[in-house]
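Please describe the aromatic ring pairs of this protein chain, and then the residues whose backbone phi angle is positive.

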Amino acid sequence: MLQDIALILLFGLIFYAFFQWLKLPGLIGLLLLGMVLGPYGLGWLGDELMLISGDIRSIALVVILLRAGLGLQRQAMKDLGFVTIKMSVLPVLIEGAVIVLLAYTFLSLSFIESGMLGFIIAAVSPAVIVPAMLELIKHHRGTKRRIPQLILASTSLDDVIAITIFTMFLSAGLTQQSWFIGIIQLPISLLLGVLLGLLVGWVFAYVFKRYRIRDSKKILLLFSAGIFLLLLEDFLSSRLPIAALLGVMAIGVVLTDRRPELAERLALKSEKIWIMAELFLFVLVGATVNIPLALDVGL
C-alpha cells in the first residue's frame, strides 16, 4: 500500500500541474490518472487500497464540507435567506426530474433505474464547487452580491438532497420499498443533520474557549467528529434518517459564528490538508471507473 500512496502523491501532483499548464482543470488529470492506475487500467493500485477507497473518499468529503462551513458566516446566510433554499432545492429537483423523464422515455429504463440515473447526474460535487467558491471569496470576487457565499451554502444541501433521493430509488429497486417513504423522510433527515451539527459545533466552541488546545489538534478533533457523524448516519440509516454531510458543514458554521478568529485559522489548516485529500479523492474516483463495462454498453 505504501507504493500505492507514493504513486498517487507523485503522479497526482504531476498530472494536476500538467493539466493546469494546459489551461484545463487539474481535477481532470487526477480522474484520468485514476483510470490509468486503477484495476480497470494498468492495475497498479493494489486491492488493499481499493477496498478502503470508499472510506478515504468519505474522509476527503468531511474535509471539504468542514472547510465550507468554516468559510460561511451566519450573517451572510441570514442576508441570503430564502434564496439559499431555492438555490439548493429547485435546480437539483428540476434537473433530476427532467433526466428521469428523458431516460424513461428514450433509454428504455424502468422508472426506478431512471430515478437513480437522474439524481446521479443532478448531484453537484462539493469537492469541485467548494474550493472554487472559497477562492472567489478569498479574492473578493462576487462577494458584494454574496454570489460565492450563496453557491457555497446551497452546495451541501443540494448534494444531500440528490444523495437522499438516489438512495431512495436504490432502496426501492433492491428491497421493493416504496420510494415515497424516502420523500417523507427527506425533510426529517435534513433537519436532524443540521440540529446535530449545530449541537456538536456549539460543544466544540465551548471546549475550545475553555481549554487551551493547539490549532492542529483542534482541526483533527473536528475531522474526527465529522467522521463519527457519517458513522452515526450509517448506524441509524434503517431507523432514523440523518443528513450527516449537512451536519459536518453546520459544525464549521457554528465555529465561524462563535469564534471567527479561530475559524479563520482552522480554515487555513483545512486548506492545507485538502491538498492531499483532493489527490486521493479524485484519483480513487477515477480508479472506480469500469472502462471495459463502458465499452460493452457502447454508444
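The report below deals with ring pairs and then with backbone angles.

The model is a predicted one. Counting ring centres that lie within 6.5 Å of each other as paired, the structure holds 6 aromatic pairs. One of these joins Phe-119 and Phe-169, whose ring planes meet at 20 degrees with the centres 6.3 Å apart, so the pair is stacked. This contact links distant parts of the chain, since Phe-119 belongs to helix α7 (residues 111-122) and Phe-169 to helix α9 (residues 147-175), 50 residues apart. Phe-119 is buried, at a relative accessible area of 7%, and Phe-169 is likewise buried, at 5%.

Another pair is formed by Phe-204 and Phe-208, and because their planes stand at 35 degrees, with the centres 5.4 Å apart, this pair is tilted. Both residues lie in helix α10 (residues 179-210), where they are 4 residues apart, about one turn of the helix, and both Phe-204 and Phe-208 are buried. Elsewhere, ring pairs gather Phe-18, Phe-19 and Trp-21 into a cluster.

Turning to the backbone, most residues other than glycine have a negative phi. Ser-108, which is not a glycine, has a positive phi near 60 degrees, and His-140, also not a glycine, has a positive phi of about 55 degrees. The table gives the location and accessibility of these residues.

| Residue | Loop | Relative accessibility |
|---|---|---|
| Ser-108 | between α6 (82-106) and α7 | 69%, exposed |
| His-140 | between α8 (126-138) and α9 | 63%, exposed |

Note on methods. Residues are numbered from 1 along each chain as its sequence is written. This is a predicted model: local features need pLDDT of at least 70, side-chain atom pairs count only at pLDDT 80 or more; totals for chains, interfaces and linings use all residues. Side-chain values use heavy atoms; hydrogens and water are left out. Rings of Phe, Tyr and Trp (its six-membered ring) pair if their centres lie within 6.5 Å; planes under 30 degrees apart count as stacked, over 60 as edge-to-face and the rest as tilted. Helices (H or I, at least four residues) and strands (E, at least two) are DSSP runs, numbered from the N terminus. Buried means under 20% relative accessible area, exposed over 50%, partly exposed in between (1.4 Å probe, protein chains only).
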